[in-house]
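Please take a moment to look at the sequence and the model below. The paragraphs that follow go through part of it step by step.

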Amino acid sequence: MGEKNKLKNRYLHINSSIEPQKPAINSEKPAIETRIAGFKMNIKTKTNIRKLYNNIGTLAAFGRGDVSEICGISYTAAGDLIAKMKKHGLLEEVKGHGKGKYRFI
(Lines give C-alpha, C1' and ligand atoms only; values in the text may rest on other atoms or scores of the structure.)
Protein backbone atom coordinates (compact mmCIF):
# COMPACT_ATOMS: atom_id res chain seq x y z
CA MET A 1 0.00 0.00 0.00
CA GLY A 2 3.00 2.27 0.10
CA GLU A 3 2.62 3.43 3.71
CA LYS A 4 5.82 4.45 5.40
CA ASN A 5 4.72 4.85 9.03
CA LYS A 6 5.96 2.37 11.58
CA LEU A 7 3.18 0.64 13.47
CA LYS A 8 4.61 -0.59 16.72
CA ASN A 9 2.83 -1.56 19.92
CA ARG A 10 4.81 0.97 21.95
CA TYR A 11 3.39 3.78 19.83
CA LEU A 12 -0.16 2.45 20.19
CA HIS A 13 -0.08 1.92 23.97
CA ILE A 14 -2.88 3.73 25.81
CA ASN A 15 -2.44 4.74 29.42
CA SER A 16 -5.62 4.54 31.37
CA SER A 17 -6.36 5.71 34.87
CA ILE A 18 -9.42 3.47 35.07
CA GLU A 19 -8.96 0.39 37.23
CA PRO A 20 -10.01 -2.88 35.61
CA GLN A 21 -13.20 -4.24 37.18
CA LYS A 22 -14.60 -7.71 37.42
CA PRO A 23 -17.78 -8.30 35.44
CA ALA A 24 -20.92 -7.93 37.53
CA ILE A 25 -22.26 -11.27 36.30
CA ASN A 26 -19.51 -13.34 37.90
CA SER A 27 -19.17 -11.34 41.09
CA GLU A 28 -22.60 -12.17 42.52
CA LYS A 29 -24.19 -15.52 43.19
CA PRO A 30 -27.31 -16.29 41.19
CA ALA A 31 -30.54 -15.53 43.03
CA ILE A 32 -31.37 -19.20 43.46
CA GLU A 33 -28.02 -19.89 45.17
CA THR A 34 -28.62 -17.35 47.89
CA ARG A 35 -32.19 -18.55 48.41
CA ILE A 36 -31.43 -22.27 48.81
CA ALA A 37 -28.23 -21.81 50.81
CA GLY A 38 -30.07 -21.60 54.14
CA PHE A 39 -32.57 -24.41 53.51
CA LYS A 40 -32.13 -27.73 55.28
CA MET A 41 -32.24 -29.98 52.23
CA ASN A 42 -30.27 -32.89 50.93
CA ILE A 43 -27.35 -31.93 48.65
CA LYS A 44 -28.90 -33.91 45.80
CA THR A 45 -32.15 -31.97 46.18
CA LYS A 46 -30.27 -28.66 46.00
CA THR A 47 -28.39 -29.92 42.94
CA ASN A 48 -31.67 -30.82 41.22
CA ILE A 49 -33.09 -27.37 42.01
CA ARG A 50 -29.99 -25.74 40.48
CA LYS A 51 -30.26 -27.94 37.35
CA LEU A 52 -33.90 -27.04 36.96
CA TYR A 53 -33.30 -23.33 37.48
CA ASN A 54 -30.36 -23.25 35.05
CA ASN A 55 -32.36 -25.01 32.34
CA ILE A 56 -35.69 -23.25 32.77
CA GLY A 57 -35.06 -19.90 34.45
CA THR A 58 -37.75 -17.67 35.88
CA LEU A 59 -39.88 -17.03 32.80
CA ALA A 60 -40.95 -20.45 31.58
CA ALA A 61 -43.69 -22.58 33.10
CA PHE A 62 -42.90 -26.23 33.83
CA GLY A 63 -44.60 -29.30 35.19
CA ARG A 64 -43.69 -32.61 36.76
CA GLY A 65 -42.74 -34.17 33.41
CA ASP A 66 -40.28 -31.37 32.67
CA VAL A 67 -38.70 -31.72 36.11
CA SER A 68 -38.40 -35.47 35.62
CA GLU A 69 -36.75 -35.09 32.22
CA ILE A 70 -34.30 -32.32 33.17
CA CYS A 71 -33.21 -33.81 36.50
CA GLY A 72 -33.29 -37.44 35.39
CA ILE A 73 -35.61 -38.52 38.20
CA SER A 74 -38.93 -40.40 38.31
CA TYR A 75 -42.33 -38.67 38.17
CA THR A 76 -42.90 -39.39 41.85
CA ALA A 77 -39.56 -37.87 42.83
CA ALA A 78 -40.28 -34.90 40.55
CA GLY A 79 -43.60 -34.36 42.34
CA ASP A 80 -41.82 -34.50 45.70
CA LEU A 81 -39.23 -31.99 44.49
CA ILE A 82 -41.97 -29.60 43.35
CA ALA A 83 -43.69 -29.97 46.73
CA LYS A 84 -40.44 -29.11 48.55
CA MET A 85 -39.86 -26.08 46.35
CA LYS A 86 -43.42 -24.88 46.93
CA LYS A 87 -43.01 -25.37 50.68
CA HIS A 88 -39.90 -23.18 50.70
CA GLY A 89 -41.47 -20.48 48.53
CA LEU A 90 -39.38 -21.00 45.42
CA LEU A 91 -42.32 -21.66 43.08
CA GLU A 92 -45.62 -20.10 42.19
CA GLU A 93 -48.49 -21.71 40.32
CA VAL A 94 -49.10 -20.52 36.77
CA LYS A 95 -52.68 -20.06 35.62
CA GLY A 96 -53.73 -20.62 32.03
CA HIS A 97 -51.19 -23.31 31.14
CA GLY A 98 -53.06 -26.27 32.56
CA LYS A 99 -53.11 -27.94 35.93
CA GLY A 100 -49.80 -28.48 37.71
CA LYS A 101 -47.69 -25.81 36.01
CA TYR A 102 -45.24 -23.75 38.03
CA ARG A 103 -42.46 -21.21 37.61
CA PHE A 104 -39.68 -19.89 39.79
CA ILE A 105 -40.39 -16.72 41.73
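**Two helices and their buried sides**

In helix 4, the residues T45, K46, N48, I49, L52, Y53 and I56 are buried. These residues lie on the same side of helix 4, because they cover an arc of only 160° around its axis. It helps to bear in mind that the model is a predicted one. A general point about helices is useful here: an α-helix has 3.6 residues a turn, so residues three or four places apart point the same way.

On the other side of helix 4, by contrast, I43, K44, N54 and N55 are exposed. What, then, do the buried residues of helix 4 pack against? Their partners are helix 3 (31-36), helix 5, helix 6 and strand 2 (102-104). The length of helix 4 can be checked as well: at 1.5 Å a residue, its 14 residues should span 20 Å, and its end C-alpha atoms are 20 Å apart, which agrees. Just after helix 4 comes G57, which takes a positive phi of about 80°.

We can now turn to helix 5, which comprises residues 64-71 and whose buried residues are V67, S68 and C71. Because these cover an arc of only 100° around the axis, they are on the same side of helix 5. Among the elements that cover the buried residues of helix 5 are helix 4 (43-56) and helix 6 (75-87). Helix 5 is followed by G72, and the phi of G72 is positive, near 75°.

Conventions. Residues numbered from 1 in each chain as written. Predicted model: local features only at pLDDT ≥ 70, side-chain atom pairs only at ≥ 80, totals over all residues. Heavy atoms only, no water. Buried < 20%, exposed > 50% of the residue type's maximum accessible area, 1.4 Å probe, protein only. Helix = DSSP H or I, 4+ residues; strand = E, 2+ residues; numbered from the N terminus. Arc of directions from axis to C-beta. Contact = heavy atoms within 4.5 Å. Expected span 1.5 Å × (residues − 1).
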